[in-house]
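Reader: I am new to this structure. Please take me closely through one part, the sheet and what packs on it.

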Amino acid sequence: MAVRVILAPLSGMESDRSSLKTAIALAERHGAHIDAVFVKADPLEAAPMIGEAGSGLVVEQVMRAAEKEIETRAGNARATFDEIVGSSGLALREEPGETGTPSIAFRLATGREDTVVAELGRLSDLVVLPNQAKATSDIQAAVTLEGALMASARPVLVSSTSGGPAGARIAIAWNGGVEAAHSVFAALPFLALADDVAVVSATTAKSRANNAEALVRYLGWHGVRASAHQIEPGDQPVGGAILDVAGQFNADLLVMGGYGHSRMRELIFGGVTRYALSHATIAVLMTH
């Protein structure tokens, strides 16, 4: 599968810079088109619930404040788009053109951001979203990321904190599970262009050893040369151990499955997905 269409949701926040820079670097590397989209929420949904006791004047004030916030964010998103795209030299294009020529377009959509992003993602090859390691109080970013991961049926790439290119050196977190297998398959276009690939498999008291060498052999049939690394995290979180190895490998992209356990279980007890999303500073490619 080639990467030809990249969806890059924009929120009007500072984090747009890193995700848009990453999306542009990927488009240039893979000859892809980027749909940069800002989703304008319905003020009725964006406004907080004020209860039945709220007067008509209070409701109107809340609605106006919500509308103003939405328009401000939309303007910020467009300004960031114009600035970064202008300095990149990427061609602006609304309709398909010559295959393999990188391009980008800005569009507005209306609705719930997580729902719209998931729907648009189904007609994209990849969804690029901001890094969560330095997330603030913008809960919507986390909701949108989870919605894209669980409901778009497409791989999601979370940008690095710096917004740099991703894919020169790739680490794969391999546990032999269905989600990890989907992620490896989705990452094949990236793996084919990588300079170096490391397959990292963790052995714990709760999981059997997974054969990293078997995945290395599979990748070899795709022309991808990789090395196997079996680790024993001990008392360290598995996600932390994997990120440590990725750091030692100087990886700029981590490939892993998303939510091998239920989301509620990972939310309460923690898990590799939750740990990676909240601690990784490099780009992370996930599928569920």
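Author: Here is the sheet, with the chain as background.

This is a predicted model, where local features need pLDDT of at least 70, side-chain atom pairs count only at pLDDT 80 or more, and totals for chains, interfaces and linings use all residues. Residues are numbered from 1 along each chain as its sequence is written, and side-chain values use heavy atoms, leaving out hydrogens and water.

The protein chain has eleven helices and eleven strands. These are DSSP runs numbered from the N terminus: helices are H or I with at least four residues, strands are E with at least two. Of its 288 residues, 47% count as buried (under 20% relative accessible area, 1.4 Å probe, protein chains only).

Now the sheet. It is open, with eleven strands and mixed pairing. The order is 3-4-2-1-5-6-11-10-7-8-9. Two strands pair if DSSP finds at least two bridges between them. Strand 3 (91-92) and strand 9 (226-231) are the edges; each has a single partner strand, so one side of each has no neighbour in the sheet.

Look next at strand 7 (residues 169-173) and strand 10 (residues 253-257). They pair in the parallel sense over three bridges. Ile 172 has Val 255 of strand 10 as its bridge partner.

Helices pack on this sheet too. Helix 5 (residues 139-151) touches strand 5 (126-129), strand 6 (156-158) and strand 11 (283-287). Its direction makes about 165° with that of strand 5. Helix 11 (residues 272-279) touches strand 6, strand 10 and strand 11. Its direction makes about 155° with that of strand 10. Contact means heavy atoms within 4.5 Å. Axes are lines fitted to C-alpha atoms, for helices over the stretch in contact, and angles run from 0 to 180 degrees between N-to-C directions.

Key:
Buried means under 20% relative accessible area, exposed over 50%, partly exposed in between (1.4 Å probe, protein chains only).
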